[in-house]
Amino acid sequence: MCFKNLPIAFDEDGNAYLKEGVNDPYEYKVVDLGIEQDKLKDLMAKNGFIRSVDYDPVTRVAGALAFHSVVDLEKKKVLSTNSMATLFRGYEIILKGRDPRDAAYISSRACGVCGGVHATTSALAIEMALGIKPPPLGIVMRNILLAIEYLYDHPLHLFLLAGPDYSEELVAATNPELIDKAGNAKARGKAVHGYSTVLDIMKDLNPLKGKLYLEALSMTRVAREAYVAIGGKYPHPQSVIPGGISVTVTISTLNEVYSRLIKFFDYSQKVTAIWDDVFDFFLENNPDYNQCGVRPATMADTGVWDRPDSYDATFENCDKWGNDRWSTPGVLVDGEVVTTNLRELNAGMEEFVEHSYYEDWDGHRFKTDPLGMPLSPNHPWNKDTIPKPGKQSWRDRYSWDTCPTWDRLPMEAGAYSRMYLTAKAQRAPKSKFLQNTGHSMIIQVPKHTLPAATLEWKIPQHWNAFERNRARAYCIPYSAMVAMENWLLAQQLIREGETKVSTPYEIPKTGTHIGFGAWGAGRGFLTHHLIVEKGVINNYQIITPSTLNAAPRAPWGAPGPYEEAVLNTPILEKFDKPEDYQGIDILRAIRSFDPCMPCTTHIMAKDTDHVVTREVTTCACGIE
Amino acid sequence: MAALNDMGALLPTNIEEVHAFWVAGGSCDGCSIAIVGATSPSVEDLLRGVIPGAPKIVLHHPVLSVVAGEKFIEPFRLAAAGKLGAPFVVIAEGSIMDESLAGATGGYWSGLGADEDENGDPQPIPSSSWISRMSKHAAAMIAVGTCATWGGIPAAAGNPTNSCGLMDFLGEDYRSALGLPVVNIPGCAPQGDNMTETIAAVLLFLHGLGPLPEFDELGRPAWLFDETVHRGCTRAGFYEEGEFAEEYGDKECLVEVGCWGPVVQCNINKRGAIGGRGGCMNVGAPCIGCTMPGFPDSFAPFYATPPGTIVSSNISRVTGSIVGNLRKMTQNYQNRTAKWNKEGKVPSGWGHVEEPGFLQKVAHFAYEKLQFRNSPKPKESTHGNILEHKMDWKKKENGQLKIK
């Protein structure tokens, strides 16, 4: 019984039904945010230490994100927060009425940071809607491509986007007391990374100058070179298609991938050792850092990397093939796994627009999923995207992002959610390289120039900014070993003569066909919901990880994940005058989520027959 | 402009720094991601000022900047007011959205930075307002990616934001402070080096080191976009011989499974996507025309055979089957050594190689007559005495080098 708030119950056979006798089963309370704003205005007028701190834009995130906070600089507390996505493009509207085959290429452009995962999620949605099962090598090659995507995504975030916040230059400006301590702190990972003290590491994190910063840039290129051997180009690969992949797989393809993948064996060891040293230093020197960006480990993930012997693209079997993935889909509430089933993950999703620049929509076309599990009128298959640009107001509407919830709970998403769920649920396939213990993930990294090593990521006690980033560092070996596992499978398939990479299909000219794609982006949870009617796209809805993370308040007042994480963040920065305050703690908390806004916003289609179009906002997960 | 004979420095240093403002409008950030992959030159080399002869670029980019919020926006305000006190270029990524539509209901589509409203509350500043104000003072306006150049997907049919490209937004009479119309580097995303190379070429020109880069009638770097992607395609030879892929994954030419390469101006097959690797059609993926002004609508539905192909690929099937068969005959002889020809046998343990039949021998005899009509055929080996092979080079006669 995974749902606590939605009116969905299960009979003894496990079939879901709508609880009876509830008058308005999907009703929810709408809270007036104006009362809180009046109080804040009052406080600010009375107390000079209470002030509004705005970041527009929040930099070193992908895409257009702005953040508003009210902080008490005397008590060193954050009093109020608002997260704003500041871009709307209308992809969902543009997709409406088009040939479904166009969706993968067009929706890929929702996000330039993780185009490949959008293309793949779109392909999965089409495969489910139209019943297309890709051949094993097609599935395996997609897995490799999308594991490699993370190998350029995570280092980019760790060293170019989040990394500077832990560099000697920035720490000296905001917390000079830590610099001397770092100079005396012995680095435990010296044997792997070669640095004697934590300060030595911090110096090489300095933007554009530090060796670790520059090395990360060059490692992202190594990964991209492997990526384009399959994708043709990046960040929007040209080869991901419904039914598999459009690549002529030869020995050269696999060789070009492998020669670059092995470089990530050493780099995995180095990156995890680097960030263990830096984060342990902060947390050990000032345990208050445990509260930076802290929130309950309440997270959702779609899972990623299908097993070629399990994935059949059907809705009917999605719980099975979902649970067979190398990364387990599901939901964590306060650190506990409440489901690993894709059907329940799907049915629990809703989106709300009370504080977003959209109009609410009417209608409840799909009352249940294809197997009878109840769906809310706010479920993506029922949603409509109706943009309504308006003034930015903390009392009312302030973001192009919507508020997605699962079972009425704001959910966090991230690469780390993928690892957390997989480690905790222990459902993933048996692997020589990856073992899940329920409290940790053990990753066996083969030798390259460094000897083979056993890395272990442990589920942390506090879910804070430091642990998000640490987990992301461990996602590098995790992804590399999934790529390795699939590379071996590709070799095996080719040895066995299974060289087909795609399944041909026709677009049905009649009938209604629905599907959803669920696949992890670099920063986690990603779904595309699709309705095909009479051969064209009738509705397309995208929920991205940053749609979840950057969400504005829920109608009933619950803050979105960024908002909640920053609310819990103590101000540990040192400053003399309020004017000198920079807000490093708040920015660390936000950046730990790896915000990627381009695909966060939705767009709506106006007056369409049940079409919801969603737009993706800007994602800026990138660099440059 | 610095002269090359300036004895004061090895290479010119008259402009030490150029500011570059990266303004992302309706974008996915893919162009930002793509440029970070560039290596010729790399972004970090441009930013660190370590390329002799090119000024250092001071980049104001929302994804890379160390500072955030108003500190980040301050230089934008100065540049927009013409008060930066240093030369700058604007690099626009993403479509320009019609903010008058959003403004009608008091809102915006794409915001960057904020101004206070009459109540002292922050209101986002539309990205396009930065573009129009900064364009008046910019040394150059550079549009990167198909959204900023032509409008791209946000400007596709049915879009709610009435988006367009930079050229449409600024108008045909627009000239930068240096007198340039908008420079366009298309692609979704553009190949990384196409962006850094063009930027470097403009910078070298400003220092008097390079020629004025040539741009075509749409403002594209001519040396990058003059040719079709098909001309540089590793599969173009299949087209020539009339061999076509029937399904995804096949090794032949992709036109019949949806490739628009023969009419698309792009260099990705020649240059590769990064470090010479990849390239859409090289790996097996059909071209959907992402560098072209008509993208995406003129190339939809993707994966369907382009109508022009019905004529052209069938012509090449006919001619190609003749040419291909003749080539195979020649190729068979080229797979043989002189020794094998003499001995009438290929000593391979891998498989049996058929000896050429009578007709093939006749054809080959005629072929060699043509091949050596103006020069002698290399002599057959005389075993043992290398001195007999001393070659006596004569002077050029009739434009040919002759061997005695």
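Which residue of β5(A) is the bridge partner of L65(A)? In β5(A), that partner is A85(A), and the first view shows where the pair sits.

This is a predicted model, in which local features need pLDDT of at least 70 and side-chain atom pairs count only at pLDDT 80 or more, while totals for chains, interfaces and linings use all residues. Residues are numbered from 1 along each chain as its sequence is written, chains are lettered from A and ligands numbered from 1 in the order in which they are written, and side-chain values use heavy atoms, with hydrogens and water left out.

**View 1. An antiparallel sheet of 3 strands in chain A.** The open sheet has the order β3-β4-β5; strands here are DSSP runs of E with at least two residues, helices are runs of H or I with at least four, and both are numbered from the N terminus. Two strands pair if DSSP finds at least two bridges between them. β3 (50–55) and β5 (77–85) of chain A stand at the edges with a single partner strand each, so one side of each has no neighbour in the sheet. Neighbouring strands are turned by 15° against each other on average, direction ignored. Between β4 (residues 65–72) of chain A and β5(A), which run antiparallel, there are 8 bridges. Helix α1 (residues 34–46) of chain A packs on the sheet and touches β3, β4 and β5 of chain A, where contact means heavy atoms within 4.5 Å. The direction of α1 makes about 125° with that of β5(A); axes are lines fitted to C-alpha atoms, for helices over the stretch in contact, and angles run from 0 to 180 degrees between N-to-C directions.

**View 2. A parallel sheet of 5 strands in chain B.** Here the order is β2-β1-β3-β6-β7, again in an open sheet. The edges belong to β2 (56–60) and β7 of chain B, each with a single partner strand, so one side of each is left without a neighbour. From one strand to the next, the twist averages 25°. β1(B) and β2(B) run parallel and are joined by 5 bridges. Look for V18(B), which stands opposite I57(B) in β2(B). α3(B) packs on this sheet, touching β1, β2 and β3 (88–93) of chain B, with its direction at about 105° to that of β1(B). α8(B) lies across β1, β2, β3, β6 (140–144) and β7 of chain B, at about 155° to β7(B).

**View 3. The largest pocket, with a lining from chains A and B.** The pocket holds about 1100 Å³ of space. On a 1 Å grid over the protein atoms alone, a pocket is an open set of points with protein on both sides within 12 Å along at least five of seven lines, a cavity is a set where a 1.4 Å probe fits but cannot get out, and lining residues have an atom within 4 Å of a point. Grid points are joined across faces, edges and corners, and a volume is the space filled by probe spheres set on the points. Of the 44 lining residues, the closest to the centre are S52(A), V53(A), D54(A), Y55(A) and E70(B). β3(A) gives the most to the lining, with 5 residues. By class, the lining has 17 nonpolar, 12 polar and 15 charged residues; Ala, Val, Leu, Ile, Met, Phe, Trp, Tyr, Cys and Pro count as nonpolar, Asp, Glu, Lys and Arg as charged, and the others, Gly among them, as polar.

**View 4. The largest cavity and a cis peptide bond.** About 180 Å³ of space lies in this cavity. Of its 25 lining residues, the closest to the centre are K233(A), A189(B), C266(B), I268(B) and C290(B). The lining divides into 16 nonpolar, 8 polar and 1 charged. The peptide bond from C188(B) to A189(B) is cis, with omega near -5°, and A189(B) is found in the loop between β7 (183–185) and α8 of chain B.

**View 5. A salt bridge between two loops of chain A.** The side chains of D165(A) and R60(A) meet at 3.0 Å, N to O; a salt bridge is a side-chain nitrogen of Lys or Arg within 4 Å of a carboxyl oxygen of Asp or Glu. D165(A) lies in the loop between α5 (136–161) and α6 (168–174) of chain A and R60(A) in the loop between β3 and β4 of chain A, so the pair ties together parts 105 residues apart in sequence.
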